[in-house]
Structures are given as C-alpha cells and as structure tokens.
Amino acid sequence: MNKEKRNKTSLLNKPVQKEPLLKRILTAKSKWDDKDEFLDVIYWARQILGIILGIVWGFIPLRGFIGLALFALTNAGLLYLYIVNYQCVDEDEYGGTFEMAKEGFMTSFAAFLVTWIIIYSGLYYD
C-alpha cells in the first residue's frame, strides 16, 4: 500500500514537458510561457540576421548610408513580421513595439558592421 501511494504521488508531481525551443521557434503561433525566453529568441535571431546581412552586404558591394539604412529597415522589418505575423505575439505584453524593436538591435548592428567591413575589405580593397 505504501508503495502504491508513492507511485501515485510521483506521477502527479511529474513536471510537464515543454516543447523543445527550436520547435517553438519554427512553429507558427507557439505558446511562450516565459517572456524572457522569447526575448532571448528575438535577441539571438537578430544577431544571426546581422551577421548574415553583413555577409550579403559585403558580397554585394553596398557602401555608405544606403547599406546602413537597408540594414536597419531589413532587420527591424523581418523581426517585426516574425513577431507579429508568424508568432502572433501581442507586443504590449512585452512592453510595446519599441521595446521589441530595440531588443538586441545595437549588438546586432555591431556584428553586422564588423562582418560587412571584413567581407567588403577582403574582396574589394586594393
């Protein structure tokens, strides 16, 4: 009897399994219980996007203000579409649109600049 009681309580106290993070990132309209976890996803997505855009801007010989402006528009636009249209997250739960837009933007901008300068200089500098 004591053993049966222990088995029942261990089954009741079993933690609920969450979906793997990568699956939630790639699945539309995923449920995000932890706000910080979703903000971390936004932060790291921005970093990856910044490096990818830096590589692309380096191979396409973009220069000057046009490259900077296109980066800002592309970075903010793609992440906003991901947040609002793909994940269907209410921005107000995370502090509004501006809070979501600035999450990791400056570090992404730094990674973008470093990557863009290295690739461009390596390919086109005489």
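In which helix does Ile-55 lie? Ile-55 belongs to helix α3, and this residue will return below as part of a surface patch. The structure shown is a predicted model, and the description proceeds from the overall fold to individual helices, loops and side-chain pairs.

The chain contains six helices and zero strands, so that, read along the sequence, its pattern is α-α-α-α-α-α. Of its 126 residues, 26% are buried. The accessible surface amounts to about 8,900 Å², and carbon and sulfur atoms account for 66% of that area. Where contacts link residues at least 6 apart in sequence, 75% of them join residues at least 24 apart.

Helix α4, which covers residues 64-86, offers a check on helical geometry. Its 23 residues, at 1.5 Å each, should span 33 Å, and the C-alpha atoms at its ends are 32 Å apart, in agreement with that expectation. The buried residues of this helix are Gly-67, Phe-71, Asn-75, Leu-79, Tyr-82 and Ile-83. Their cover includes α2 (21-26), α3 (35-59), α5 (97-102) and α6 (105-124).

The UniProt record, in an unreviewed entry, lists residues 41-60, 66-84 and 105-125 under "transmembrane region". Such annotations may be inferred rather than shown by experiment. In the model, residues 41-60 are 95% helix and 0% strand, and the C-alpha atoms at the two ends of this span are 28 Å apart. For residues 105-125 the model likewise gives 95% helix and 0% strand, with an end-to-end C-alpha separation of 28 Å.

The surface also carries a nonpolar patch of about 450 Å², formed by Ile-51, Ile-55, Phe-59, Leu-123 and Tyr-124. Helices α3 and α6 each supply at least two of the patch residues, and α3 provides the largest share, with three. Ile-55, the residue of the opening question, lies in α3 and has a relative accessible area of 34%, so it is classed as partly exposed. That value also satisfies the requirement of over 30% relative accessible area for residues of a patch.

Two residues in loops draw attention through their backbone angles. Most residues other than glycine have a negative phi. Lys-29, although not a glycine, has a positive phi of about 55°. Lys-29 is placed in the loop between α2 and α3, and its relative accessible area of 61% makes it exposed. Cys-88 is also not a glycine and has a positive phi of about 55°. Cys-88 follows α4 and lies in the loop between α4 and α5. With a relative accessibility of 42%, Cys-88 counts as partly exposed.

How many salt bridges does the count come to? The count comes to three. One of them joins the side chains of Arg-24 and Glu-37, with an N to O distance of 2.9 Å. Because Arg-24 lies in helix α2 and Glu-37 in helix α3, this pair ties together parts of the chain that are 13 residues apart in sequence. Both partners fall under the 20% limit for burial: Arg-24 is buried, with a relative accessible area of 6%, and Glu-37 is buried, with 17%.

The surroundings of this pair include Lys-18, which is placed in the loop between α1 (2-12) and α2. Once neighbours within four places in sequence are set aside, Lys-18 is in contact with Arg-24 and Glu-37, the two residues that form the salt bridge just described. The C-alpha atom of Lys-18 is separated by 9.7 Å from that of Asp-33, and these two residues are 15 residues apart along the chain.

Asp-33 itself takes part in a salt bridge with Lys-31, the side chains meeting at 3.4 Å, N to O. Lys-31 and Asp-33 are both exposed. The remaining pair is Glu-99 with Lys-102, whose closest N and O atoms are 3.4 Å apart. These two residues are three residues apart in helix α5 and are therefore separated by about one helical turn. Glu-99 counts as partly exposed at 33% relative accessibility, and Lys-102 counts as partly exposed at 43%.

How values were computed: Residues numbered from 1 in each chain as written. Predicted model: local features only at pLDDT ≥ 70, side-chain atom pairs only at ≥ 80, totals over all residues. Heavy atoms only, no water. Helix = DSSP H or I, 4+ residues; strand = E, 2+ residues; numbered from the N terminus. Buried < 20%, exposed > 50% of the residue type's maximum accessible area, 1.4 Å probe, protein only. Contact = heavy atoms within 4.5 Å. Areas by Shrake-Rupley, 256 points an atom, 1.4 Å probe, with all protein chains shown as cover. Expected span 1.5 Å × (residues − 1). Patch = residues over 30% accessible without salt bridge, like charges linked within 9 Å, V, L, I, M, F, W, Y side chains within 5 Å. Salt bridge = Lys/Arg side-chain N within 4 Å of Asp/Glu carboxyl O.
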